[in-house]
Amino acid sequence: MRNSNSKTWLKPGTRQCLLRRALIKSMGYTDADLERPIVGIINTWAETNPGHYNFRQMADAVKRGVWAAGGFPLEVNTMSICEVFFDISSLIYRNLLSMTTEELIARHPFDGVILLGSCDKNVPAQLMAAVSANKPMIFLPGGPMLPGNYKGESLACGTDSFKLWTKHLAGEISAEELKGVEGCLYGSIGACPIMGTANSMQCATESLGLSLPGSASALAVSAEKMRYGEETGRQIMTLIERDIKPKDIVSEAALRNCITVLMASGGSTNLIIHLTAIARRAGITLPLSLFQEISDRTKLLVDVKPSGKGTVGIEFHQAGGVPALMKELESLLDGDVMTVTGKTLKENLKNVQKPWRPDVIASLEKPLAPNGGIAVLHGNLAPRGAVIKRSAASILKFRGEARVFDTLAEAEKYLLDPESDMDENKTIILRGYGPKGAPGMPEFGNYMPIPPKLYKRGIRDYVRITDSRMSGGAFGTVVLHVCPEACDGSPLGAVRNGDIVEMDVEKGILNVELSLEEIAERLRTAKCEPREQFERGFVRHYMDNVLQADEGCDFAYLQEKDLRK
């Protein structure tokens, strides 16, 4: 079915045209407005999403730009996803938001669309939809929040909340003081200010060429963000006139550029799933080996939390944001890719200055680390791969005994028990929390705390292995996305307490010291069922159709035709 647009929708000379023009006029619009191209503004504002709380004002700024450039803006709302407000993994609803957004774009009489998004699952969902619907589009990032402050120390939401909670468990911070910190963790509305999934995705969108240069790191609560909104409204008219669409921009070369920026910025491991899903909507496969290849040739340059010290909307933005980072990386990028400016990346970067703050965006000659922030692991424990955020890990080589748990509650009980046999020579394996098993692959990789008895000995990290995900704001040595998941026949299901596990990040190895025959024999009797049975609704649909992590956790029928199974 063809996409609708303003001219075909009107059906001139028919009774439908009479009704449609009359309904537009019932809202106070005029004949002159109906002569303009219609621009859809798809808004994910909600009071259950603090990251999107500024979107009403942003939408008004966008409309100013559309009107000024000769367009007719019409705003529509769709669901808004905030991880904290859902009582189940919100990754499930990424696919639902993608489907509803695609239908809004395709079926409405929009000649072009502007998408407003900021938080973790909203951004990839909207980009997946935009690529599938393939109308002229610009994404407007909602922007990062301000950091908080407590007793003179800058705090950044999730990242520092993990540290504070560990101190509380160890008895260093009382419950009363912890409550006093609550109002100081978040400095304003907006996306969590670290290079977590939300800001990683906003930076990825800009580096893909789907947002205006500089827009990703502009603070949510800034006049600059409103100016980007108006400029975005103006620029969509150029894309409509030139018929530049997402599939003209989301090429394999652009995705390689985006992954390079991800690795250099110490971005979230969740982006491997999201970028894979976006790419497959365009008919492009992104094997895990490609992420490893790009990570190996890239260097870590950005010093922001959770891998470093600063925040996205302050230090990173002051250093020049994504344009300055891409300028530093220019020798590693394909400059011929098209962007929503209507120009190539090379043209966009022509007059961009080197980073203003080399202490925040380092040079390729003096990087913060010699390789990219994320590494891929393979072995008999992860036949289809696993990932680790090495820029936020402190243990890159390990061999030790496994302690295996099928529920998070059991793992937490063991880790917090001062009488347990847990020490730094053991690894915790948490299984059964993959795309189908949890369902929705929740962010439980960071829910396994530092045992207080280890913390009191000065130990701040240990090895965790799971088929779940991790918050982009988290840190520590956590192997994630083990694929296939335990509920899909993973060797994770064969591991028992006392088995020896080997991990070597430099060599890309993740093994359990069992033969393939031993693993197969154990899996014959191992049983991993989804921990909750949903008999109806979208969650049931998700469990029946979701692909594994290495395929982006999308639905096969939503991918480009040549990738469908």
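**Reading the terms in this predicted model**

Me: What makes Phe86, Tyr93, Phe538, Tyr542, Phe555 and Tyr557 a cluster?

Reply: Ring pairs link Phe86, Tyr93, Phe538, Tyr542, Phe555 and Tyr557, where rings of Phe, Tyr and Trp (its six-membered ring) pair if their centres lie within 6.5 Å, and planes under 30 degrees apart count as stacked, over 60 as edge-to-face and the rest as tilted. The model is predicted, so local features need pLDDT of at least 70 and side-chain atom pairs count only at pLDDT 80 or more, while totals for chains, interfaces and linings use all residues. Residues are numbered from 1 along each chain as its sequence is written, and side-chain values use heavy atoms, with hydrogens and water left out.

Me: Why is the aromatic pair of Trp67 and Phe72 called tilted?

Reply: The structure holds 12 aromatic pairs, and one of them joins Trp67 and Phe72, with 5.7 Å from centre to centre and 35° between the planes. The distance lies within the limit for a pair, and the angle falls in neither the stacked nor the edge-to-face range, so tilted is the word that remains.

Me: How do you know whether Trp67 and Phe72 are buried or exposed?

Reply: The test is the relative accessible area: buried means under 20%, exposed over 50% and partly exposed in between, with a 1.4 Å probe and protein chains only. Trp67, at 31%, is therefore partly exposed, whereas Phe72, at 0%, is buried.

Me: What kind of pair do the rings of Phe162 and Phe475 form, and why?

Reply: Their centres are 6.4 Å apart and their planes stand at 70°, so the pair is edge-to-face. Phe162 belongs to helix H7 (residues 157–169) and Phe475 to the loop between strand S11 (463–466) and strand S12 (478–480), so that the pair links distant parts of the chain, 313 residues apart. Helices (H or I, at least four residues) and strands (E, at least two) are DSSP runs, numbered from the N terminus. Both residues are partly exposed, Phe162 with 21% and Phe475 with 28%.

Me: How do you know that the span of H7 agrees with its 13 residues?

Reply: The expected span of a helix is 1.5 Å times one less than its number of residues, which gives 18 Å for H7, and the end C-alpha atoms are 18 Å apart, so the two values agree. The buried residues of H7 are Cys157, Gly158, Thr159, Asp160, Leu164 and Thr166. They pack against strand S6 (153–155), helix H8 (175–181) and helix H19 (452–455), with contact meaning heavy atoms within 4.5 Å. After H7 comes Gly171, whose phi is positive, near 85°.

Me: Why is helix H9 described as largely enclosed by the rest of the structure?

Reply: Of the 12 residues of H9, 12 are buried, and so the description follows. Helix H9 covers residues 197–208, and its end C-alpha atoms are 16 Å apart, in agreement with the expected 16 Å.

Me: Why is one side of strand S2 and of strand S4 left without a neighbour in the sheet?

Reply: Four strands form an open sheet in the order S2-S1-S3-S4, with parallel pairing. Strand S2 (72–77) and strand S4 (137–141) stand at its edges, each with a single partner strand, so one side of each has no neighbour there. Neighbouring strands of this sheet are turned by 20° against each other on average, direction ignored, with axes being lines fitted to C-alpha atoms, for helices over the stretch in contact, and angles running from 0 to 180 degrees between N-to-C directions.

Me: What makes strand S1 and strand S3 a pair?

Reply: Two strands pair if DSSP finds at least two bridges between them. Five bridges join S1 (residues 38–43) to S3 (residues 112–117), so the requirement is met, and the two run parallel. In this pairing, Asn43 stands opposite Leu116 in S3.

Me: How do you know that the charged end of Arg56 sits over the ring of Trp45?

Reply: A charge sits over a ring if NZ of Lys or CZ of Arg is within 6 Å of the ring centre and within 35 degrees of the ring normal. The charged end of Arg56 is 3.8 Å from the centre of the Trp45 ring, and Arg464 lies over the face of Tyr462 at 4.2 Å from the ring centre.
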